[in-house]
Amino acid sequence: MNIKHTVKQLVVTALIVIPFMAMAGVDTETDENDVILAGHDVVAYFTESKPVMGKTMFTAAYNDAIYHFSSAVNRDMFKKAPDRYAPQYGGFCAYGVTLGQKFEVDGKAFEIVDGKLYVNKNLKVYGIWKKEVPSNIKSANIKWNGIHATEAAKL
């Protein structure tokens with residue numbers, strides 16, 4: 001194989017891969033290890049009605065994020081229906097989205113509304129969001145369409 005051909009292959013590969021790398025995680029709130037919800041078990045919000053820390057031995061990947069679970073049962077439930085359990089707005093703070101922003105969450109402030117999981121930055125912000133849940137969801141749904149593909153730092 002000649003050098004010109006190899007360089008051409010590398011350039012083509014870069015043109016295909018780099019745009020996807022730039023988008024990875026833009027629409028999900030993850031830490032430096034791509035873990036979402038600060039490591040909390042997304043299924044436990046639904047089954048135990050409280051935040052439960054997941055374990056690194058029980059994981060699943062979905063939409064550019066790594067989910068931790070407190071048990072293999074919860075991991076398997078998630079794998080069967082990830083859309084049912086995944087947080088709205090990619091796990092970014094629901095109240096922050098109403099403001100057109102993407103804020104990190106601590107995984108402790110959450111609410112399930114009409115079968116959908118909404119998380120907030122922390123319990124203080126959740127208290128503000130909770131005062132007008134229906135209008136906040138409506139506003140966030142509209143704003144999310146305009147910001148989901150934008151990096152948080154660019155908002």
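How do the residues of the lining of the largest pocket divide into nonpolar, polar and charged? There are seven nonpolar, six polar and two charged residues. Here Ala, Val, Leu, Ile, Met, Phe, Trp, Tyr, Cys and Pro count as nonpolar, Asp, Glu, Lys and Arg as charged, and the others, Gly among them, as polar.

This is a predicted model, in which local features need pLDDT of at least 70, side-chain atom pairs count only at pLDDT 80 or more, and totals for chains, interfaces and linings use all residues. Residues are numbered from 1 along each chain as its sequence is written, and side-chain values use heavy atoms, with hydrogens and water left out.

**Pocket**

The largest pocket has a volume of about 200 Å³. It is lined by 15 residues, and those closest to its centre are D27, N63, P87, Y89 and G90. A pocket is an open set of points on a 1 Å grid over the protein atoms alone, where a 1.4 Å probe fits, with protein on both sides within 12 Å along at least five of seven lines; lining residues have an atom within 4 Å of a point. Grid points are joined across faces, edges and corners, and the volume is the space filled by probe spheres set on the points.

**Fold**

The protein chain has seven helices and four strands. Along the sequence the pattern reads α-α-β-β-α-α-α-β-β-α-α. Helices (H or I, at least four residues) and strands (E, at least two) are DSSP runs, numbered from the N terminus. Of the 155 residues in the protein chain, 41% are buried. Buried means under 20% relative accessible area, exposed over 50%, and partly exposed in between (1.4 Å probe, protein chains only).

**Two hairpins**

Strands β1 (residues 55-62) and β2 (residues 65-69) pair in the antiparallel sense over five bridges. Two strands pair if DSSP finds at least two bridges between them. T59 stands opposite H68 in β2. This hairpin has two residues between the strands, and N63 takes a positive phi near 50°. N63 is also among the residues closest to the centre of the largest pocket.

Strand β3 spans residues 109-113, and four of its five residues are buried. Five bridges join β3 to β4 (residues 116-120), and the two strands run antiparallel. E111 faces Y118 across the pair, with Y118 in β4. Two residues separate β3 and β4 in their hairpin, and D114 in the turn has a positive phi of about 50°.

**Aromatic pairs**

The structure holds 11 aromatic pairs. Rings of Phe, Tyr and Trp (its six-membered ring) pair if their centres lie within 6.5 Å; planes under 30 degrees apart count as stacked, over 60 as edge-to-face and the rest as tilted. Y67 and F69 are stacked, at 6.4 Å centre to centre with 20° between the planes. Y67 counts as buried because its relative accessibility is 3%. F69 counts as buried at 0%.

Y126 and W129 form a tilted pair, 6.1 Å centre to centre and 35° between the planes. Both are buried. Both lie in helix α6 (residues 123-130), three residues apart, about one turn of the helix. They also belong to a cluster in which ring pairs link Y89, F92, Y118, Y126, W129 and W144. Two members of that cluster appear elsewhere in this report: Y89 is among the residues closest to the centre of the largest pocket, and Y118 stands opposite E111.

**Salt bridges**

Side chains of opposite charge can pair when their charged atoms come close. The structure holds three salt bridges. A salt bridge is a side-chain nitrogen of Lys or Arg within 4 Å of a carboxyl oxygen of Asp or Glu.

| Salt bridge | Closest N to O |
|---|---|
| R75 and D76 | 3.1 Å |
| K130 and E111 | 3.1 Å |
| E151 and K154 | 3.9 Å |

How exposed are the partners? R75 is buried, with a relative accessible area of 19%. D76 counts as partly exposed at 34%.

The pair of K130 and E111 links distant parts of the chain: K130 is in helix α6, E111 in strand β3, 19 residues apart. K130 counts as partly exposed because its relative accessibility is 41%. E111 counts as buried at 16%.

In the pair of E151 and K154, E151 counts as partly exposed at 38% relative accessibility. K154 is exposed, with a relative accessible area of 63%.
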